[in-house]
Amino acid sequence: MDKEEQAEKNKDFDILVTLTHSRTIRDAPLIEEAARTFFPHKLKLNVLWEVIQAADVPNLVKNHPPSSDSLQEVNVFHRFKYDKLTWLSILRSKICDYGTDEFSVKIPYDIYRMTTVHLPNDGYIYDKNFQDNTTGSLTKGIESEEFVNNVMRIVQQTNLFPQKPSIGIKYKYSEGRMQMYFYDLLTKVIFCISFEYGTPEGDFELKTIEDWKDSVSWE
């Protein structure tokens with residue numbers, strides 16, 4: 001490899017490091033291309049599965065169950081370790097009027113007990129091959145089906161559902177986000193795992209819980 005080729009690769013690396021730590025994806029194809037060269041493992045859904053396990057989602061939910069009081073909202077800030085860094089997950093639970101028919105998620109409008117756990121992507125690079133352009137959900141395949149089955153098993157450990165819930169997924173390649181909705185229309189319960197961009201604690205832009213609270217995007 002000559003000096004010009006190496007310089008070009010170094011430029012791609014710098015761009016990847018800069019953009020994967022921002023909360024707005026400005027050039028998803030460029031990030032994906034650079035990741036395939038330098039960090040191919042970060043394109044694997046297993047990265048998100050590792051984040052779920054590190055955050056101990058079942059116990060987080062079981063220790064902070066939804067309130068039965070429609071006027072009380074539960075907000076919990078939970079630090080966890082992953083990849084030698086400290087991250088923050090946020091649990092938000094409330095009784096609310098909710099419904100959606102966006103992408104593959106079809107939930108009729110009604111009053112639900114809704115719990116959302118916001119988790120950082122932690123450098124996961126969104127892959128256009130995982131987005132079904134027709135439904136906006138995950139494409140079907142061995143890797144995606146294994147990921148969904150693993151997450152479903154974790155969700156059933158939260159004790160939110162008496163039986164296996166329905167599932168709908170929004171995989172937003174261009175936005176660098178994914179929401180997984182688990183729901184039971186009979187018991188009127190919704191559980192959402194929302195993967196979005198975050199920043200680890202330490203020598204990074206956001207340092208306090210209030211900074212995190214102000215930066216998170218509630219849906």
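In what order do the strands of the open sheet run?

1. **The sheet.** The model is predicted. Its open sheet has 6 strands, in the order β1-β2-β3-β6-β5-β4. The pairing is mixed. Strands β1 (74-82) and β4 (166-172) stand at the edges. Each has a single partner strand, so one side of each lacks a neighbour in the sheet. On average, neighbouring strands are turned by 20 degrees against each other, direction ignored.

2. **The β1 edge.** Strands of a sheet pair through backbone hydrogen bonds, either parallel or antiparallel. Here β1 and β2 (residues 85-100) run antiparallel. They are joined by 9 bridges. One residue pair to look up: Phe-77 has Ile-90, in β2, as its bridge partner.

3. **Helix α3 on the sheet.** Helix α3 covers residues 46-54. It lies across β1, β3 (107-120), β5 (177-184) and β6 (189-196). Its direction is at about 115 degrees to β1.

4. **Helix α5 on the sheet.** Helix α5 (residues 142-156) lies across β4, β5 and β6. It runs at about 50 degrees to β5. The helix has 15 residues. From first C-alpha to last it reaches 21 Å, close to the 21 Å expected at 1.5 Å a residue.

5. **The buried residues of α5.** Which residues of α5 are buried? They are Ser-144, Phe-147, Val-148, Asn-150, Val-151, Met-152, Ile-154 and Val-155. An α-helix has 3.6 residues a turn, so residues three or four places apart point the same way. The cover over the buried residues of α5 includes strands β4, β5 and β6. Helices α3 and α4 (57-63) are also among the covering elements.

6. **Ser-144.** This residue lies in helix α5. Is Ser-144 buried or exposed? Its relative accessible area is 4%, so Ser-144 is buried; the cut-off for buried is under 20%. A polar atom of the Ser-144 side chain lies 3.1 Å from the backbone nitrogen of Gly-141. Leaving aside neighbours within four places in sequence, Ser-144 is in contact with Leu-45, Leu-138 and Thr-139.

7. **Cysteines.** How many disulfides does the model have? The count is 0, by the sulfur-sulfur rule of within 2.5 Å. Cys-96 counts as buried because its relative accessibility is 12%, under the 20% cut-off. Cys-192 is buried too, with a relative accessible area of 2%.

How values were computed: Residues are numbered from 1 along each chain as its sequence is written. This is a predicted model: local features need pLDDT of at least 70, side-chain atom pairs count only at pLDDT 80 or more; totals for chains, interfaces and linings use all residues. Side-chain values use heavy atoms; hydrogens and water are left out. Buried means under 20% relative accessible area, exposed over 50%, partly exposed in between (1.4 Å probe, protein chains only). Two strands pair if DSSP finds at least two bridges between them. Helices (H or I, at least four residues) and strands (E, at least two) are DSSP runs, numbered from the N terminus. Axes are lines fitted to C-alpha atoms, for helices over the stretch in contact, and angles run from 0 to 180 degrees between N-to-C directions. Contact means heavy atoms within 4.5 Å. The expected span of a helix is 1.5 Å times one less than its number of residues. A polar contact is a pair of N or O atoms within 3.5 Å; within protein, one must be able to donate a hydrogen and the other to accept it, and residues adjacent in sequence count only if both atoms are side-chain atoms.
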